Amino acid sequence: MAKTLNHLASTFLFVSIITSPSFVVAATATTESDHHFARHVSPATLGLKREKLSHLRFYFHDIVSGKNPTAIKVVQPPDGSATGFGMVAMIDDPLTLTPDLNSTLVGRAQGLYANAAQGEDSLLMAFNFAFLEGKYNGSSLSVLGRNYVSLTVREMPIVGGSGIFRFARGYSLARTLMFNFTTGDAVVEYNVYVFHY
């Protein structure tokens, strides 16, 4: 009997607490209308000041040969493909200050490229320029676009960035300086024009 009374007393106390006006207010203080899926924010609240346009120039070294390649095919094209359609390569290519691979390393191109055309040499490029130099160290720019390699200069969009390049948008111009038909290695000059804060 004592156990039943103790249980009833505990239940009564619990019910009294959760039905008291102060508990009901606390429980309903955060309704769905208090949460926002989307809202407008002033750029100043994120510390954003004036947008600027920057030009970066560096050299991309795509090394597919040797003991330490920086680009590795992870999907081979089907036999008989004249353009290599279907090939996918992962990259971690060095970006240098000059065309010389031994010059200052300013970053790395990390991501993938894929041969995305059946009748021409056209790549889908999806990678980040991850910078390692000076004030850009730790920042990145994201490239997503078509690289029609037969053109002397190819344009690809910059679709975003991180660090110094938050809210980045712009374009990159790629120009092949050297392509070794024996090894498949290449050096590509990149000129990047990017709006950022």
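This tour moves through a predicted model, from the whole chain to its aromatic residues, three single residues and two pockets.

**The whole chain**

Begin with the protein chain in a cartoon view, where 2 helices and 9 strands can be picked out. Followed from the N terminus, the elements run α-α-β-β-β-β-β-β-β-β-β. Next, colour the chain by accessibility: of its 197 residues, 30% are buried. A surface view shows about 12,700 Å² of exposed area, with carbon and sulfur atoms supplying 60% of it. If contacts are displayed and limited to a separation of 6 or more, 47% of them join residues that are 24 or more positions apart.

**The aromatic residues**

Select the Phe, Tyr and Trp side chains next; the structure holds 14 aromatic pairs. A pair of aromatic rings is described by the distance of the centres and the angle of the planes.

Centre the view on Phe-58 and Phe-131. Their rings form an edge-to-face pair, 5.8 Å from centre to centre and with 70° between the planes. Phe-58 belongs to strand 1 and Phe-131 to strand 5, so this pair ties together parts of the chain that are 73 residues apart in sequence. Both residues are buried.

Keep Phe-58 in view and add Tyr-190. Here the ring centres are 6.2 Å apart and the planes meet at 15°, so the pair is stacked. This pair also links distant parts of the chain, since Phe-58 is in strand 1 and Tyr-190 is in strand 9, 132 residues apart. Phe-58 has a relative accessibility of 2% and therefore counts as buried. Tyr-190 is buried too, at 1%.

Now extend the selection to Phe-60, Phe-127, Phe-129, Tyr-136 and Phe-165, which together with Phe-58, Phe-131 and Tyr-190 form one aromatic cluster.

**Leu-95**

Select Leu-95, in strand 3 (residues 88-96). Its relative accessible area is 0%, and Leu-95 is therefore buried. Show what surrounds Leu-95, leaving out residues up to four places away in sequence: the residues touched include Phe-58, Phe-60 and Phe-129, as well as Tyr-59. Leu-95 also touches the run Thr-104, Leu-105, Val-106, Gly-107, Arg-108 and Ala-109. A C-alpha to C-alpha distance drawn from Leu-95 to Leu-105 reads 5.9 Å, for two residues 10 apart in sequence.

**Ser-172**

Move to Ser-172 in strand 8. Is Ser-172 buried or exposed? With a relative accessibility of 0%, Ser-172 counts as buried. Apart from neighbours within four places in sequence, Ser-172 is in contact with Arg-154, Glu-155, Met-156 and Ile-158, and also with Tyr-190, Asn-191 and Val-192. Tyr-190 will be familiar as the stacked partner of Phe-58.

**Val-159**

The next selection is Val-159, found in strand 7 (residues 153-162). Beyond residues up to four places away in sequence, Val-159 touches Ser-142, Leu-144 and Ala-168. A C-alpha to C-alpha line to Leu-141 spans 7.7 Å, and these two residues are 18 apart in sequence.

**The largest pocket**

Turn to the empty space. Rolling a probe the size of a water molecule over the atoms shows where empty space is left. The largest pocket contains about 730 Å³ of space. Of its 27 lining residues, select Asp-62, Tyr-113, Leu-123, Phe-179 and Gly-184, which lie nearest the centre of the pocket. The elements giving two or more residues to this lining are strand 1 (52-62), strand 2 (71-75), strand 4 (105-115), strand 5 (122-131), strand 8 (169-179) and strand 9 (186-196). Coloured by class, the lining shows 17 nonpolar, 6 polar and 4 charged residues.

**The second largest pocket**

The last stop is the second largest pocket, with about 160 Å³ of space. Which residues line the second largest pocket? Select Leu-56, Arg-57, Phe-58, Leu-97, Thr-104, Val-106, Phe-131, Glu-133 and Tyr-136. Strand 1 gives the most to this lining, with 3 residues. By class, the lining divides into 6 nonpolar, 1 polar and 2 charged residues. The tour thus ends where the aromatic section began: Phe-58 and Phe-131 are among the residues lining this pocket, and their rings form the edge-to-face pair.

Terms used:
Residues are numbered from 1 along each chain as its sequence is written. This is a predicted model: local features need pLDDT of at least 70, side-chain atom pairs count only at pLDDT 80 or more; totals for chains, interfaces and linings use all residues. Side-chain values use heavy atoms; hydrogens and water are left out. On a 1 Å grid over the protein atoms alone, a cavity is a set of points where a 1.4 Å probe fits but cannot get out, and a pocket is an open set with protein on both sides within 12 Å along at least five of seven lines; lining residues have an atom within 4 Å of a point. Grid points are joined across faces, edges and corners, and a volume is the space filled by probe spheres set on the points. Helices (H or I, at least four residues) and strands (E, at least two) are DSSP runs, numbered from the N terminus. Ala, Val, Leu, Ile, Met, Phe, Trp, Tyr, Cys and Pro count as nonpolar, Asp, Glu, Lys and Arg as charged, and the others, Gly among them, as polar. Buried means under 20% relative accessible area, exposed over 50%, partly exposed in between (1.4 Å probe, protein chains only). Contact means heavy atoms within 4.5 Å. Accessible areas come from the Shrake-Rupley method with a 1.4 Å probe; for residues, only the protein chains shown count as cover. Rings of Phe, Tyr and Trp (its six-membered ring) pair if their centres lie within 6.5 Å; planes under 30 degrees apart count as stacked, over 60 as edge-to-face and the rest as tilted.
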